[in-house]
Amino acid sequence: MVKMAADGEKQQGHRAGIFKQKNKVHKHGKHRTKGEIERENKGRVSVTALTKKQRKELKKMDRRHKANQLRRNKKDMILTEKRRLGSRDGPPHLVVVVSLHAGADASAVTKLLRQEGSGGVVQQEGCISGVSDSFGLILPRFKLRFIFLSQSTADMHSLLDVVKIADSLVFVLDPAEGWDSYGEYCLSCLFAQGLPSHALVCQGVSDIPVKKRVESRRALSKIAEVRFPDARLFPLDSEQDATLLLRHLGSQRQRKLGFRSRRSHLIAQNVTFSPDGPADGADGGRTGLGTLCVSGYVRGHLLGVHRLVHISGHGDFQLSQIDAPSDPLPLNLTTPRAAKPGKIQEVDMQEVTEAPVRILMKADPSVRESLQSEAEVDPMDGEQTWPTEAELLEAEEARKGKRTMKVPKGTSDYQATWIVDNEEEEEDDLDGESSDDDDDDEGMMDEAMDKDDEENDSQEPDSSGVSEDEEEEEEEVCSTERAGADQRYDENMDQAGEEEGLKLYREARSHEMFPDEVDTPLDTPARIRFQRYRGLKSFRTSPWDPMENLPHDYSRIFQFQSFERTRRRILAEAAAEEEGALGGWYVTLHIINVPFSVMESVQSGKPLVVVSLLPHEQKMSVMHLLVQRHPSNTKPIKSKEELVFHCGFRRFRASPIFSQHTSADKHKMERFLRPDAPTVVSVYAPITFPPAGVLLFKQRKDGVQDLVATGSLLSCDPQRVVLKRIVLSGHPFKINRRSAVVRYMFFNREDIMWFKPVELRTKWGRRGHIKEALGTHGHMKCVFDNQLRSQDTVLMNLYKRVYPHWTYDPYVPSPSPWFKSEVTVDMEDLEME
């Protein structure tokens, strides 16, 4: 028995309890050992370890050498691009001269650069097609060639188009003021779309007395630091100053603009038009389509013949072939020995022997990109049924019965159309009576004022020696002058525009004081008036299907599964292309199916800019632009107003909608463009891959376009949900501890039961819901999370999804000169004074 007990004690071991002492594990370092990891894994291998790419850890010296190599390669690439510009292998350096002050003359700058300079300079007059004040310069001494173009700031569209492709800008400043108000306006537009390399030039410094030159230049530099903190100011009064400016333009660092470096572009130096039809007709081929031959230097990226091209302000077109004519500005052109040093030699490029034109490439119609911009819509795609005869009759009656009126018995439809509603007659009578009353009141006020003036004149003593007749004559002359000035002022005032502006201002002010609040109609049930709206328990977390109840316009647009992934792929493929005209080549593009209006624009003196489009950039979609309201604009801009867009190389007209810029999946619509926060502008427009600058203009009735907002391209996303919010308000009638009787939100029992599931809130932060309806006149009992105050307001938020209107118009009229309207107003004010 003792032996069995001993065996039992040996078999039973000790089991540790929950209070067993556990010593701390030894801290062997920042990582586990290989043996410990193998013991924990017990032979298992992680899946991620097999699929993840093994990264080779470099040593410290290897990492340092790699960073130095990348830095050296990047520096060499920048130097290579800098040396190619203006050299034999690259395009000529395109310099645009812009005057920022009415007193500064840009043509004087170009004239000095044309006539003065170092020896061995060859020039070509009128090298830009349609622009007379343009010339080319070849400097064998610096091994550089330039194209100078003087662009007037009166035509804002041409100025923006030319600056988009310019390599350098030369801003001409006034020695006293720098730039005027219109120059500030132009600078705002140029900075918003992207400013290339630039230089500041000032003429007339030599005319300033010697003792005041240093002080004048210091004051001008202080003015220029506001816009150009790192720019250098160049005086331009002599040949030496011109040489220094040319040397600076050829050696300065070029600023890279993303929207043009990824696309090939050129400015037309020679343009010809060949009509497709017979040119001996009545119109001479001016109304039909034709082939436009545009010659110029390729800039930016590789230019392919199968890509679509965009002519700024005229639309998208296809190419048929690309030719390679002789270079009109060869850098190896030698100067004759008879030419005197220090003088510019004029050479006519037509006298230079031209090599035969070579055809670089022809387009294959099967490979060439299509001009299709909208998706083909099949009206039978949706679920449809053929309407019955009863539905057709009902629709016809509804169409005819839109306007109901009471007519005498037996009146025919033809006779009823001539009967005017009594309500309209009463309104007209009331308007006439009110205007008559106003006129009578004004007449009575004038008579009373005349009487007061007579009494005052009779009471005042005649202290001076002037007779009463002379005083009356002077008063009559003054009154006639004042009446004439008032009449001229009234003639120049747009009364309809003033009334419209006042109405818009009051609406914007009301929206600012009571955001999104609307009045419940008395004559229409709220469940019918707001049937497209719904309530959300939480604007941030409540779901909203982006594919629900899409409009018919969504069947005409294109959509990407992932816009960002497609953008990266297309830009990578464009950078890897090897077939096409390289940058710096002088080529001739044959653009087919071009209207004659493009040639008329060139003949009128406007520059022609051609840009190669990336794939899918001709297709329509919903584009979103992130903009900030410009400080110069003080008038309210309402949503769905027609605006003029400058997006990258495109410009068009459209009616956008505004929304808040947030990171959520739903975005609240803004009724007006906010001045204090960035706003997202959504519009139907052709697809454009960012980055790209955006400018928004609003056109007045007189043709002047005012800068409204500036920003950049955000994305292309048709599934971005923009919700319009309305707020219905009610007044607490009787307040208990946590419940209250609310009125004035609805006016019948059915509306209360319809909106019963929607949550309520108050302006003071209370939340609640509708419990039941009281009576039949819109009173309802509501329960809240805390007691209400008598001065609180009960609110109900309702939402619906909104979409922009399809008002895309690629043809934008030329704006009227902005500064002329401002000058005329100032002159009128001076005349009145």
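Thirty residues line the second largest pocket of this predicted model, and those nearest its centre are Glu81, Arg84, Lys256, Ser261 and Gly300. The volume of this pocket comes to about 1200 Å³.

Where does the second largest pocket lie with respect to domain 1 and domain 3? Domain 1 (81-257) and domain 3 (552-575 + 617-721) each contribute residues to the lining, so the pocket sits between them. If you look at the helices, α4 (60-84), α10 (258-261) and α17 (563-575) each provide at least two lining residues. The greatest share comes from α4, which supplies seven residues. As for chemical class, the lining of this pocket is made up of 13 nonpolar, six polar and 11 charged residues.

Now to the cysteines. How many disulfides does the model have? The count is zero when a pair of sulfur atoms must lie within 2.5 Å. Cys186 shows this nicely: its nearest cysteine sulfur belongs to Cys189 and is 6.5 Å away, so with a cut-off of 2.5 Å Cys186 is in no disulfide. For anyone wanting a reminder, a disulfide is a covalent bond that joins the sulfur atoms of two cysteines.

How accessible are Cys186 and Cys647? The table gives their values.

| Residue | Relative accessible area |
|---|---|
| Cys186 | 1% |
| Cys647 | 6% |

Cys186 is buried because its relative accessible area of 1% falls under 20%. Cys647, with 6%, is under 20% too and is therefore also buried.

Notes
Residues are numbered from 1 along each chain as its sequence is written. This is a predicted model: local features need pLDDT of at least 70, side-chain atom pairs count only at pLDDT 80 or more; totals for chains, interfaces and linings use all residues. Side-chain values use heavy atoms; hydrogens and water are left out. On a 1 Å grid over the protein atoms alone, a cavity is a set of points where a 1.4 Å probe fits but cannot get out, and a pocket is an open set with protein on both sides within 12 Å along at least five of seven lines; lining residues have an atom within 4 Å of a point. Grid points are joined across faces, edges and corners, and a volume is the space filled by probe spheres set on the points. Helices (H or I, at least four residues) and strands (E, at least two) are DSSP runs, numbered from the N terminus. Ala, Val, Leu, Ile, Met, Phe, Trp, Tyr, Cys and Pro count as nonpolar, Asp, Glu, Lys and Arg as charged, and the others, Gly among them, as polar. Domain bounds come from an automatic or database domain assignment. Buried means under 20% relative accessible area, exposed over 50%, partly exposed in between (1.4 Å probe, protein chains only).
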